[in-house]
Amino acid sequence: MEVAFVLVPISLVIVLTACWAFIWSVKNDQFDDLEKESFSILMRDEDE
Amino acid sequence: MSEVVLEFEGEAGSVTDKKTGGQQVCRYCQGIIESPRHFVFVDGLAAPVCCPGCQRNFEMDQSSLIETQPRETMSVAEVAAFTATLRGAGPNRSGLYSVSILVPDIRCASCAWLIESSLRKLNEVADIKVSLADKKVYLELTQPGDLENVLITLKSLGYSPLPDQPNAQAEALKAQRKSLLSRLGVAGIGMMQVMMFSLATYVAGPGGMDPAYQTLFRWASLALAVPVTFYSASVFHTGALRDLRRGQVGMDVPVSLAILSAFTLSAVNTLTSGEHVYFDTVCMFTFFLLMGRFIEAGSRIRFQQGQDLIEHLLPVMTRVNDDPEVYLPTHEISVGTLVYVNAGEPYPVDGVVTRGNSTADESAFTGEVTPVLKTVGDRVLAGTANLDCSMQVRSQVTYQDSVINQLSVLSRDSALYKPRFALIADQISRYFVAAILGLAGLSGLYWYVQGMSDWILVSLTVLVVSCPCALSLATPIAYTIATTRLREMGVAVCNGEFLERLARVNTVAFDKTGTLTTGKLRLLETRLLSEMALMDARQIAASLEMGSRHPIAHAFGAGTLEVEDLEVTPGKGVQGVINGTTYRIGDPDFVWSGGPSGTKPEQPDEYSTWVLLAAERPIAWFQVGDDARDEAGEVVSGLQALGCEVCLLTGDRSRQGVSLAESLGISAIGTGLSPEDKVGEIAARQAQGEVMLMIGDGINDAAAMSRSDTSIAICPVDSFVSSAADATLLANALIPLVATVSYARQVRRVIAQNIGWAVAYNMIVVPLAVAGMLAPWMAALGMSLSSLLVVLNSNRLGKVS
């Protein structure tokens, strides 16, 4: 179980990265329009 | 297949669709269509679609043939005018120029797809993003201001691009939403991690875990709780600080206090290996509370957008000369300026048509989707769309006085208005918060004395559970939504108390002329009483009546004689001097009291409205009349079905009023009433406990309107929004009246539900929390759910049809 002393700090680093990634995506307008992107799979590709 | 032909044939087909029933849905995306303007052909029949995007997609599904759209052209001046209004930002880090364009007719994902795929083909467009929520196109251009092709493409696709005007309030709200979302995300991630450590501790039970691991988990939890406490929860701390600086105890104070004290206590216990840590509680508090704030902010943004769109209806630049084209900023257009409006463009000014025939889409103001015919002499409103042909319009008022500006000022004012409910709720909240702080301290002390180890948790739970957020949200959010919805129904609310009072109304008093009747009075007959020629008598009457705003005055048409010493007695008549002779026209008693000599002439009959013209001697009788509105009967019976007593108060003393009332099923009628009599009549009814709604044109019954509990003006022909009434019906029709009354009652019901829920919730949970029967996370979740319930309940008001 001593491995917890290594794994817990690693998990903290991962959490930190996740927080950073989330804030980055909010700042880059990824969450501004949640409606349109859900339809993108149904839309035609550009060059059709 | 050109688009013009499509629309034309489709329009004809859709008339029957509309009559036969219900709402129309888009053939492609199933979205609801208010006014069908785009069509596709299915088996030779026209079927409506919501937008050019859906039309394009549908046609592409039907055949592999992709037709090229006709190229629209756009003049250099028009593009220059458009570009001039854009913010002149320099290149960004990638050397590109960012531009945003507002396209109000973006409706669904098909539009976004069509615009994105069409514009991306242009060389000057490096990147493009269409936002469905904002109805905006965000572009990255390789050259600054290189917009001509972009604009022409948008127009060719059938959209009407507008320059995007920065709006400080909307931007601030969006920034607030973003900041809340970041904080919410951090709190959520933090909460999940801390819960993992806590869970292990709970499962192991007291003493079940090696102290070394327990210390490790505590330190890890501390590390996770730091950003949650000081980043995510900082909105509560700054709010609390702001309140305390102002010497108030706001709602953020107990929340901030709870979070900070729980964190500090846990941190101290971690350092000193104390008995309890509450990091999981800290994170959960923060997460659930932020969730409530975030949903509230989202709801605000949605309704802010509704308010803003009306201002976006107006073009920024106005064409004041056609050849060569000259543009002026719309808000600088002065009264009397001739402006030019092409088909498909919005009218920039309130004015009168001087050249051209076309139809206008006035649905933004009236809720009525059928286009209105416009020809020379007709009134057009800024912000309504010119549909068919080029028009020339003479502006009648400045931008400040235009209906669209008055509306946005009014809606801003009514948003600031705090109804009685809200003021009481605010008062209660203030004392309530102070009481909570005391209660939380006392219950903590009690349990400490009782020897409970988790006494601090009880204190914190009381702090959080009793926060009166839902109570203070209950009214404002319902009012914001209701005001916006009413405007969509064609009712402009000018007084915030309107809805509150309207909900209590049990008697509706109508004015007759111009309210229950069309108000378009006609001169039916002239009976001469002197030697004067018929046309001369009419000319004198017309010239005198030019000074009056009473509906009867319109029946006489335009007069050309010069009138001196004009005196208007409201509801009675007019006196003036023409070529040295004093004339009086109006109500026979009024005219006679002015001192003509001889015997008063007998009124030709008692059944219709007669106007007397006299100088020294009587000159002529004029008979005027108008017809009942088509919808009057329906509206009267609708109001009666809602349990309202309907009465008719008219200045008219003829039989016409009585017969009109009888045909409409109105039993209470007062005829021959002066404005003072009307006030007296209303006061008498109020004395009997009736709550009065007065409906009139807002001009000659202004006094009666202000005496009534509340009033609605029906939009008069020559002015736009009435200031005398609490609300104005913008379409010249009574149709929205019944819906408005029942809507007001529904708003009252929703607010009562909100307040009832908020009070009941606090009454139940506060005792439980004091008794130590609630876990802290339940308190935080309960409080957020309580606020959420209030917001969702209020949102129902936005969906009423």
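Trainee: How much of chain B counts as buried in this model?

Mentor: Keep in mind that we're looking at a predicted model. Chain B has 801 residues, and its secondary structure comes to 25 helices and 30 strands. Of those 801 residues, the share that counts as buried is 52%.

Trainee: And among contacts in chain B between residues at least 6 apart in sequence, what share join residues at least 24 apart?

Mentor: Pro736(B) gives you a feel for such a pairing: Met489(B) is 247 residues away along the chain, yet their C-alpha atoms are separated by 6.8 Å. Across chain B, counting contacts between residues at least 6 apart, the share joining residues at least 24 apart is 66%.

Trainee: Let's stay with Pro736(B), then. Is Pro736(B) buried or exposed?

Mentor: Pro736(B) is found in helix 24, which covers residues 736-770 of chain B. Beyond four places in sequence, Pro736(B) touches Met489(B), Val491(B) and Leu729(B). The cut-off for buried is under 20% relative accessible area. Pro736(B) has 13%, so we call this residue buried.

Trainee: Which side chain makes a polar contact with the side chain of Thr507(B)?

Mentor: First place the residue: Thr507(B) is in strand 19, residues 507-511 of chain B. Thr507(B) is buried, with a relative accessible area of 1%. Leaving out residues up to four places away, Thr507(B) touches several others, among them Glu645(B), Cys647(B), Arg685(B) and Glu690(B). The polar contact, at 2.8 Å, is with the side chain of Glu690(B).

Trainee: Now Asn386(B). Which side chain makes a polar contact with the side chain of Asn386(B)?

Mentor: Asn386(B) is in strand 16, residues 385-386 of chain B, and is buried with a relative accessible area of 0%. Its contacts beyond four places in sequence include Val341(B), Asn342(B), Tyr347(B), Ser358(B) and Met391(B). Don't mix up two of those: with Asn342(B), the backbone oxygen lies 3.3 Å from a polar atom of the Asn386(B) side chain. The side-chain partner, at 3.5 Å, is Tyr347(B).

Trainee: On to the helices. Are helix 7 and helix 9 of chain B roughly parallel or antiparallel?

Mentor: Helix 7 spans residues 211-232 and helix 9 spans residues 252-271, with their axes 11 Å apart. They pack at an angle of about 155°. Angles over 145 degrees count as roughly antiparallel, so helix 7 of chain B is, relative to helix 9 of chain B, roughly antiparallel.

Trainee: How many charged residues are in the contact of helix 7 with helix 9 of chain B?

Mentor: This crossing is left-handed. Helix 7 of chain B contributes residues including Arg218(B), Trp219(B) and Leu222(B), while helix 9 of chain B brings Ile259(B), Phe263(B) and Asn269(B), among others. By class there are 10 nonpolar and 3 polar residues, and the charged count is 1.

Trainee: Helix 7 of chain B also packs with helix 1 of chain A. Is that pair roughly parallel or antiparallel?

Mentor: Helix 1 of chain A, residues 4-27, packs with helix 7 of chain B at an angle of about 15°, their axes being 10 Å apart. Angles under 35 degrees count as roughly parallel. That makes the relation of helix 1 of chain A to helix 7 of chain B roughly parallel.

Trainee: And how many nonpolar residues does that contact have?

Mentor: Here the crossing is right-handed. Phe5(A), Val8(A) and Leu12(A) are among the chain A residues that meet helix 7 of chain B, where the partners include Tyr213(B), Leu216(B) and Phe217(B). The contact has no polar and no charged residues, and the nonpolar count is 14.

Notes:
Residues are numbered from 1 along each chain as its sequence is written. Chains are lettered from A and ligands numbered from 1 in the order in which they are written. This is a predicted model: local features need pLDDT of at least 70, side-chain atom pairs count only at pLDDT 80 or more; totals for chains, interfaces and linings use all residues. Side-chain values use heavy atoms; hydrogens and water are left out. Axes are lines fitted to C-alpha atoms, for helices over the stretch in contact, and angles run from 0 to 180 degrees between N-to-C directions. Helices (H or I, at least four residues) and strands (E, at least two) are DSSP runs, numbered from the N terminus. Angles under 35 degrees count as roughly parallel, over 145 as roughly antiparallel, 65 to 115 as roughly perpendicular and the rest as oblique. A crossing is left-handed if the near helix is turned anticlockwise from the far one by less than a right angle, and right-handed if clockwise. Contact means heavy atoms within 4.5 Å. Ala, Val, Leu, Ile, Met, Phe, Trp, Tyr, Cys and Pro count as nonpolar, Asp, Glu, Lys and Arg as charged, and the others, Gly among them, as polar. Buried means under 20% relative accessible area, exposed over 50%, partly exposed in between (1.4 Å probe, protein chains only). A polar contact is a pair of N or O atoms within 3.5 Å; within protein, one must be able to donate a hydrogen and the other to accept it, and residues adjacent in sequence count only if both atoms are side-chain atoms.
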